[in-house]
Amino acid sequence: MSRRFRVGLRADPLAVRQAVPAIARWLVGQGVSMESAGNVEIVLTEATNNVIEHACAASPGADLSITCAITAGCLSVRVRDPGVALPGHMPPAVPVADLACPVQDLPEGGFGWLLIAELAETVRYRRRGGYNLLDLSFRLRRA
């Protein structure tokens with residue numbers, strides 16, 4: 001079985017709904033627990049949807065890639081896109097969520113980077129050669 005997986009996709013929400021679950025299925029096929037695969041799926045869905053909504057807003061249908069590699073119980077992932085750079089060339093500060101309020105008073109959005117930071121082991125962003133590179137790592141549990 002291959003310990004590497006790469007998927008190319010267009011900057012389109014439907015493409016994300018097809019590509020990201022394929023990565024989760026590949027992980028499960030590699031003997032990774034459903035919980036770990038689910039956490040990766042949540043993070044990649046948030047990250048790629050952010051790319052589509054923000055970085056590639058002016059270039060719908062741009063080509064993105066997600067490259068995964070498993071080594072020594074860890075997953076390394078790179079999301080690569082040609083969109084605009086993150087402000088300040090760094091991920092946004094992770095907001096502190098105040099959840100001590102009635103459910104109807106919770107904000108509708110703004111939890112994406114919080115989920116990414118909470119579920120990924122490491123998060124690293126850089127801009128190189130006209131591309132955004134988001135590198136993520138995850139500790140994996142075996143099934």
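Two parts of a protein are in contact when their heavy atoms lie within 4.5 Å. Keep that idea in hand as we walk through this predicted model.

## Helix H1 and its surroundings

Let's begin with helix H1, which covers residues 13-29. Its 17 residues reach 25 Å from the first C-alpha to the last, close to the 24 Å expected at 1.5 Å a residue.

Which residues of H1 are buried? They are Ala15, Val16, Ala19, Val20, Ala22, Ile23, Ala24, Trp26 and Leu27. As you look at that list, a general point about helices helps. An α-helix has 3.6 residues a turn, so residues three or four places apart point the same way.

What do the buried residues of H1 pack against? Their partners are strand S1 (4-10), helix H2 (34-55), strand S2 (63-71) and strand S3 (74-81).

Now look at the two ends of H1. At its start, a side-chain oxygen of Asp12 comes to within 2.9 Å of the backbone nitrogen of Leu14. Just after the helix, Gly31 has a positive phi of about 90 degrees.

## From the loop into helix H2

Follow the chain onward and you meet Val32, in the loop between H1 and H2. Val32 has a relative accessible area of 2%, so it is buried. Leaving aside neighbours within four places in sequence, Val32 is in contact with Leu27, Ala37, Ile70, Leu140, Arg141, Arg142 and Ala143. To get a feel for distance, try locating Asn50 as well: Val32 and Asn50 are 18 residues apart in sequence, and their C-alpha atoms are 26 Å apart in space.

Ser36 has its place in helix H2. With a relative accessible area of 7%, Ser36 is buried too. What does the side chain of Ser36 reach at 2.9 Å? It reaches the backbone nitrogen of Arg141. With neighbours within four places in sequence again left out, the contacts of Ser36 are Arg139, Leu140 and Arg141. Leu140 and Arg141 were also among the contacts of Val32.

## Two positive phi values in loops

Gly31 is a glycine, but a positive phi also turns up in residues other than glycine, including Ala72 and His89. The table sets these two side by side.

| Residue | Phi | Loop | Relative accessibility |
|---|---|---|---|
| Ala72 | near 50 degrees | between S2 and S3 | 81%, exposed |
| His89 | near 55 degrees | between S3 and helix H3 (112-119) | 49%, partly exposed |

Why does Ala72 count as exposed? The cut-off is over 50% relative accessible area, and Ala72 has 81%. His89, at 49%, counts as partly exposed.

## Cysteines and rings

How many disulfides does the model hold? The count comes to zero. Cys56 is in no disulfide, and the nearest cysteine sulfur, that of Cys68, is 18 Å away. For Cys68, the closest cysteine sulfur belongs to Cys74, 14 Å away, which is too far for a bond. A disulfide would need the two sulfur atoms within 2.5 Å. Cys56 counts as buried, at 1% relative accessibility, and Cys68 counts as buried at 1% as well.

Finally, take a look at the rings. The structure holds one aromatic pair. There is also a charge over a ring to find: the charged end of Arg80 sits over the ring of Tyr131, 3.5 Å from the ring's centre.

Definitions and conventions: Residues numbered from 1 in each chain as written. Predicted model: local features only at pLDDT ≥ 70, side-chain atom pairs only at ≥ 80, totals over all residues. Heavy atoms only, no water. Helix = DSSP H or I, 4+ residues; strand = E, 2+ residues; numbered from the N terminus. Expected span 1.5 Å × (residues − 1). Buried < 20%, exposed > 50% of the residue type's maximum accessible area, 1.4 Å probe, protein only. Polar contact = N/O pair within 3.5 Å; in protein donor to acceptor, adjacent residues only side chain to side chain. Phe/Tyr/Trp six-rings, centres within 6.5 Å; stacked < 30°, edge-to-face > 60°. Lys NZ or Arg CZ within 6 Å of the ring centre and 35° of its normal.
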